[in-house]
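This report describes a single protein chain for a reader who has the sequence and the coordinates at hand. It proceeds from individual backbone features to the core, the aromatic pairs and the surface.

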Amino acid sequence: MQPILAKGAQIPGGEMAKVEKGTAKEVAAVAGQEVLYPVKAGEAGAYKPKAVLKTVTAPVKQGQTVGSIKIVGPNGKSDEFLRPIDEQKAGGVLVAKEEVEEAGWIRLAFRSFFGFIGGIFGSLGDLIKGLFS
């Protein structure tokens, strides 16, 4: 068993999990515990952690699960000798680094309104760009 990721570390490309209905739209995701993985002697550097994030709904508590960690081997895949349940246990979980409170209805209404306006202008821009392509 070799250490692949330290407790509290972030995975490149999987630093932030999406939050719905929160005061923040994202929360930092960190390893909930040290990740150990069975590797062949001398191949420890070939195994890399990969973040599998999920969208969570506010309120989010510090330490709440926001995803899982999958270990990818030298061939870009998980090892064949691990059963799916063992693969989940070997990887570990990603947890929220800080709390995110639930947003009030006014903030959510403004986000929806500005998202709608942004969508209209984005579509209009794509239409104009398409005319000249």
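## Backbone features in two loops

K21 is partly exposed, its relative accessible area being 49%. The structure is a predicted model, and in it K21 has a positive phi of about 60° although it is not a glycine. K21 belongs to the loop between β2 and β3.

A second backbone feature concerns a proline. The peptide bond that leads from A58 to P59 is cis, with omega near 5°. P59 is located in the loop between β6 (56-57) and β7.

## Overall architecture

The chain contains eight strands and two helices. Read from the N terminus, the order of the elements is β-β-β-β-β-β-β-α-β-α. Of the 133 residues in the chain, 27% are buried.

Contacts that span long stretches of sequence are prominent in the count: among contacts between residues at least 6 apart in sequence, 75% join residues at least 24 apart. The chain exposes about 8,800 Å², and carbon and sulfur atoms supply 58% of this area.

## The nonpolar core

The largest nonpolar core comprises 21 residues, and those with the most contacts inside it are V19, V27, V66, I69 and I71. Two or more residues of this core come from each of β1 (2-5), β2 (16-20), β3 (26-31), β4, β7 (65-72) and β8 (93-96).

I69 illustrates the contacts of one such core residue. When residues up to four places away in sequence are left out, I69 touches L5, I11, A31, V35, P49, K50, G91, G92, V93 and L94.

## V27 and A96

V27 lies in strand β3 and is buried, with a relative accessible area of 0%. Apart from neighbours within four places in sequence, V27 is in contact with E15, M16, A17, V19, V66, A96, K97, E98 and V100. One of these partners, E98, is 71 residues from V27 along the chain, yet the two C-alpha atoms are separated by 7.0 Å.

A96 is part of strand β8 and is likewise buried, at a relative accessible area of 2%. The residues touched by A96, not counting those up to four places away in sequence, are V27, A28, V60, K61, Q62, G63, Q64 and V66. A96 and E26 are 70 residues apart in sequence, while their C-alpha atoms are 9.8 Å apart in space.

## Aromatic pairs

Three aromatic pairs are present in the structure. One is formed by Y37 and Y47, whose arrangement is tilted, with 5.6 Å centre to centre and 45° between the planes. Y37 lies in strand β4 (residues 35-37) and Y47 in the loop between β4 and β5 (48-53), so the pair ties together parts that are 10 residues apart in sequence. Y37 is buried, with a relative accessible area of 1%. Y47 also counts as buried, at 6% relative accessibility.

Another pair consists of F110 and F114, which are stacked at 6.0 Å centre to centre with 15° between the planes. Because F110 and F114 are four residues apart in helix α2 (residues 105-131), about one helical turn separates them. F110 is partly exposed, with a relative accessible area of 49%. F114 has a relative accessible area of 52% and is exposed, since the cut-off for an exposed residue is over 50%. Together with F113, these two residues, F110 and F114, form one aromatic cluster.

## A nonpolar surface patch

Which residues form a nonpolar patch on the surface? The patch consists of F116, I120, F121, L124, L127, I128, L131 and F132, which together have about 920 Å² of accessible area. F116 lies in helix α2 and is exposed, with a relative accessible area of 53%.

Methods
Residues numbered from 1 in each chain as written. Predicted model: local features only at pLDDT ≥ 70, side-chain atom pairs only at ≥ 80, totals over all residues. Heavy atoms only, no water. Buried < 20%, exposed > 50% of the residue type's maximum accessible area, 1.4 Å probe, protein only. Contact = heavy atoms within 4.5 Å. Areas by Shrake-Rupley, 256 points an atom, 1.4 Å probe, with all protein chains shown as cover. Phe/Tyr/Trp six-rings, centres within 6.5 Å; stacked < 30°, edge-to-face > 60°. Patch = residues over 30% accessible without salt bridge, like charges linked within 9 Å, V, L, I, M, F, W, Y side chains within 5 Å. Salt bridge = Lys/Arg side-chain N within 4 Å of Asp/Glu carboxyl O. Core = buried A, V, L, I, M, F, W, Y, C linked by side-chain atoms within 4.5 Å.
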